[in-house]
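Colleague: I've got a model open and I'd like to learn how to read it. Could you walk me through a few features?

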Amino acid sequence: MTAPEKSRNYWLSAGREVLRRPRAAVSLAVILFYLAVALWGFTGWKTPDWETENFEMAYRPPSRAHPFGTDIYGRDVLAKTVYGTRVAVSVALTASVLALVIGLVLGLLAGYFGGWIDDLITWLFSTLQSIPYILLILAFAFVLQDRTFTLFGAEFRIRGINAVSLALGLTGWVGLCRLIRGEAIKHREREYVLAARALGSSPGRLIVRQILPNVVHLAVITFSLGFVSYIHAEVILSFLGLGVKHVPSWGVMIDDAKLELFRGVWWQLAAATAAIFFISLTLHIFGDAVRDGLDPRLRGERR
Amino acid sequence: MNPVLEVSGLRTHFGIEKRVLPAVRGVDFSLSRGRTLGLVGESGCGKTVTALSLMRLVPRPGRIVAGSVRLDRSGGGPLELLSLPESRMRRIRGRELGMIFQEPMTSLNPVFTIGEQVREAIRVHEPLGKKAVRERVIGLLRDVNLPDPESRYFDYPHQLSGGQRQRVMIAIALACNPKVLIADEPTTALDVTVQARILGLISRLRDRYEMAVLLVTHDLGVVAQATERVAVMYLGRIVEAAATRRLFKAPAHPYTRGLLDSVPRLGEEKRRLAAVRGAVPTLSRIPAGCSFHPRCPRAGEVCRRESPAPREVGEGHRVECHFPLE
């Protein structure tokens with residue numbers, strides 16, 4: 001008896017399935033490019049200089065020296081876009097990971113156990129949801145601003161951009177939680193969950209090994225859509241002057257463009273918009289492909 | 001022979017908004033090694049709830065309110081399952097009591113390959129190495145006569161036929177070598193030829209693994225084919241129990257008689273098929289006295305007042321009726 005050695009793991013085969021789709025593979029490449037640009041600043045390598053001001057060079061259109069042109073202070077718009085990527089990705093990543101973990105855990109607990117656990121969690125997210133979104137984020141951001149806390153013995157201070165990402169994450173889990181709760185209730189009553197209980201599986205094992213794999217595609221698609229919406233939220237908050245300060249971000253760039261457009265200076269707006277456009281588009285396509293890949297019933301189908 | 005599982009006085013009630021619906025009202029039976037007991041009855045008579053009660057998996061708002069389920073242990077005295085803490089009961093499920101469900105379409109998790117699902121059944125109870133588990137899984141799939149188990153291992157449930165899925169469910173139930181196999185309508189969702197093969201498979205595996213089998217079904221053909229003893233349930237009670245041959249030849253309870261008469265036979269000249277008169281009453285309005293009396297052709301005055309005590313009408317033939325048939 002020779003069992004094939006190649007392990008056909010659920011996640012591995014899902015990944016292979018995703019990458020078989022050309023659009024998804026291209027999207028992944030673009031996403032990785034953004035991530036690389038965002039991580040650039042942390043590697044210690046020289047990054048494009050966005051700080052040097054040169055008033056003689058103000059509002060120069062795109063040229064060889066400045067491919068995206070310059071702004072009112074004569075700073076390089078490409079460099080600002082690169083730095084903005086870092087801000088956008090770190091805000092969105094922190095916020096969506098936070099929202100994903102909270103939403104998934106609370107949704108599964110509420111859906112599987114029901115009873116007072118469900119009541120409590122439902123009450124929590126209904127309350128959060130009843131407060132207008134922007135107001136809620138601002139409230140969180142203000143409360144979290146300039147707090148210090150200790151984690152594993154190290155002291156952290158929450159400042160500007162971190163407050164924004166925490167606020168987004170702590171408020172953004174509601175949608176996913178509702179979704180997962182509903183699905184968990186549905187799957188809890190399925191016969192294969194009963195069958196797994198008849199095998200002697202514990203509640204924890206049932207949730208992780210039977211229900212979670214059936215709802216994880218929702219978490220993935222919510223993650224990728226959420227990522228986009230957190231980038232947008234950062235842009236909106238910064239545009240309103242409530243988010244990132246003193247450093248470039250896409251939102252700040254668009255805010256600057258308010259005063260530039262009537263002079264015919266379009267390149268700063270164009271750069272920020274293009275940066276947002278491509279990451280949004282690719283995340284949507286990739287999220288969709290991953291969702292399809294995780295569902296074995298849809299594998300091998302091409303649309 | 002010592003029974004492996006002994007059930008007595010089992011009562012399971014469903015409490016819905018202060019109303020109590022008694023789904024199982026005092027059931028006694030025992031299962032012996034290498035034997036199959038058939039549990040038959042119409043829809044809603046409490047067969048499935050009885051089966052789930054043995055596993056202590058009655059869905060809410062159901063609750064086992066009385067009775068005892070004793071599991072024989074090789075060393076030491078019998079183990080009372082109904083008073084075990086949930087964490088210990090979990091170790092009994094799958095290892096001592098295995099269960100097969102009615103719907104092979106929905107009893108398998110759609111996102112895992114069947115190999116992974118059989119493997120999970122083993123790993124819940126036994127921490128084995130990867131290779132050892134895989135060999136055991138393929139062995140089990142071979143035991144249930146799944147064709148080409150090495151490559152089927154990697155198939156998803158939706159790629160299998162109904163019969164193949166039920167074979168996988170049986171493999172999962174047998175994964176930890178249980179002493180008792182509870183099969184809840186294992187062949188109802190399958191077509192007749194597949195049904196016969198699955199029943200044959202269950203009987204063969206029962207002999208090989210020396211298991212006791214409880215076969216829950218509404219199909220008298222299945223009972224005739226696959227069991228040694230039968231218990232007939234009506235409204236949450238076992239109204240008649242006997243050896244299968246005897247029950248088919250000489251039923252003592254008018255309800256059993258009615259069930260047997262309602263099976264069509266080829267070549268018999270009859271204008272209408274006999275059916276049991278009336279419909280099963282709801283659990284909230286169980287008739288006083290003998291619960292079968294409103295539908296019974298033999299009912300007399302006493303049937304309306306008193307519920308019949310169980311009586312022996314032959315060797316191993318027990319019936320609850322004031323006026324049993326000869």
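**A loop, a patch and a helix**

Modeller: Sure, and keep in mind that this is a predicted model. Let's start with A:Leu242, which sits in the loop linking helix 9 and helix 10 (250-257) of chain A.

Colleague: Is A:Leu242 buried, partly exposed or exposed?

Modeller: Buried is under 20% relative accessible area and exposed is over 50%. A:Leu242 comes out at 34%, so it counts as partly exposed.

Colleague: Which residues join A:Leu242 in a nonpolar patch on the surface?

Modeller: A:Tyr133, A:Ile134, A:Phe142, A:Ile236, A:Phe239 and A:Leu240 do, and with A:Leu242 the patch has about 640 Å² of accessible area. Helix 5 (133-144) and helix 9 of chain A each bring at least two residues, and helix 5 gives the most, with three.

Colleague: Now helix 8 of chain A. Why is it described as largely enclosed?

Modeller: Go residue by residue. Helix 8 spans residues 191-198, and six of its eight residues are buried, so the rest of the structure largely encloses it. Those six are A:Tyr192, A:Val193, A:Leu194, A:Ala195, A:Ala196 and A:Ala198.

Colleague: What covers the buried residues of helix 8?

Modeller: Both chains take part. The cover includes helix 7 (174-188) and helix 9 (203-239) of chain A, along with helix 1 (47-55), strand 6 (97-100) and helix 6 (162-174) of chain B. Just past helix 8, look at A:Gly200, where phi is positive at about 95°.

Colleague: And how much of chain A is buried overall?

Modeller: Of its 303 residues, 44% are buried. Its secondary structure comes to 11 helices and two strands.

Conventions: Residues are numbered from 1 along each chain as its sequence is written. Chains are lettered from A and ligands numbered from 1 in the order in which they are written. This is a predicted model: local features need pLDDT of at least 70, side-chain atom pairs count only at pLDDT 80 or more; totals for chains, interfaces and linings use all residues. Side-chain values use heavy atoms; hydrogens and water are left out. Buried means under 20% relative accessible area, exposed over 50%, partly exposed in between (1.4 Å probe, protein chains only). Helices (H or I, at least four residues) and strands (E, at least two) are DSSP runs, numbered from the N terminus. Contact means heavy atoms within 4.5 Å. Patches are made of residues with over 30% relative accessible area and no salt bridge: like charges are joined within 9 Å, nonpolar side chains (Val, Leu, Ile, Met, Phe, Trp, Tyr) within 5 Å. Accessible areas come from the Shrake-Rupley method with a 1.4 Å probe; for residues, only the protein chains shown count as cover. A salt bridge is a side-chain nitrogen of Lys or Arg within 4 Å of a carboxyl oxygen of Asp or Glu.
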